[in-house]
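Please read the following account alongside the sequence and the three-dimensional model. The topic is the enclosed empty space inside the protein.

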Amino acid sequence: MPLSKDDKRKLIYAIVFSVASYAVAAGLALGTAAYALSIFTDPVVTLTIPLIIVAIGIQAINAKNGPLLILVISALLYALSGLIFLVPTFVVAGLVVEGVSRIVGYRSFKAVMINTTLAGGLVGVFSVVFGVLFVPSTASQFALDLMLAFTGIYFVESAIMGVVSYYLGNFLIKSGVLH
């Protein structure tokens, strides 16, 4: 069955915003050597511009299954890169955001704040949870304590990115760049 014009638009937006977010995350992580620093600082770096790009993508798609499309494409990109431990992170966060966005919406300030905060906070926390699995068991309690400390940072940072995402996305939509 051929895709409708609206379905093609959603798919193109999902691909563009997923690839852009992935590319920026990779650039930031490599440019700041975040992967070498620790499993805790990588989410802080990648929950900035890449998260804004994804949040604007969700606003642009503005439809059911939009977050799910972005999730699947992002998860595939990370899997193809060999970062398999991030795939469950995106799956869990993406499914939660998809479910919540069906209730709160996609474009209102409240919706963007909730969706972005959930997406970023969950990705940050689950990245660390899955990263801790690679830490020797003797250091795992320390890693768990750090994760608890960083959890607040991930959610606060994601909320700030939600504000930025809302205003950027709103501007792009109102100016006609996105529809």
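A cavity is a set of grid points where a 1.4 Å probe fits but cannot get out, and a residue counts as lining a cavity if one of its atoms lies within 4 Å of such a point. The model examined here is a predicted one. Rolling a probe the size of a water molecule over the atoms shows where empty space is left.

In this model, two cavities of 30 Å³ or more are found. The smaller of these, the second largest cavity, has a volume of about 50 Å³. Its lining consists of L51, V54, A55, I58, Q59, Y106, V112, N115, T116 and A119. Helix 4 and helix 7 are the elements that give two or more residues to this lining, and helix 4 provides the largest share, five residues. By character, the lining of the second largest cavity comprises seven nonpolar residues, three polar residues and no charged ones.

The largest cavity has a volume of about 350 Å³. A total of 24 residues line the largest cavity, and those nearest its centre are S21, L51, V54, F90 and V123. L51 and V54 thus appear in the linings of both cavities.

Which helices each supply at least two residues of the lining of the largest cavity? They are helix 1 (5-31), helix 3 (41-46), helix 4 (49-61), helix 5 (66-80), helix 6 (86-104) and helix 7 (109-132). The lining of the largest cavity is made up of 17 nonpolar residues, six polar residues and one charged residue.

Conventions
Residues are numbered from 1 along each chain as its sequence is written. This is a predicted model: local features need pLDDT of at least 70, side-chain atom pairs count only at pLDDT 80 or more; totals for chains, interfaces and linings use all residues. Side-chain values use heavy atoms; hydrogens and water are left out. On a 1 Å grid over the protein atoms alone, a cavity is a set of points where a 1.4 Å probe fits but cannot get out, and a pocket is an open set with protein on both sides within 12 Å along at least five of seven lines; lining residues have an atom within 4 Å of a point. Grid points are joined across faces, edges and corners, and a volume is the space filled by probe spheres set on the points. Helices (H or I, at least four residues) and strands (E, at least two) are DSSP runs, numbered from the N terminus. Ala, Val, Leu, Ile, Met, Phe, Trp, Tyr, Cys and Pro count as nonpolar, Asp, Glu, Lys and Arg as charged, and the others, Gly among them, as polar.
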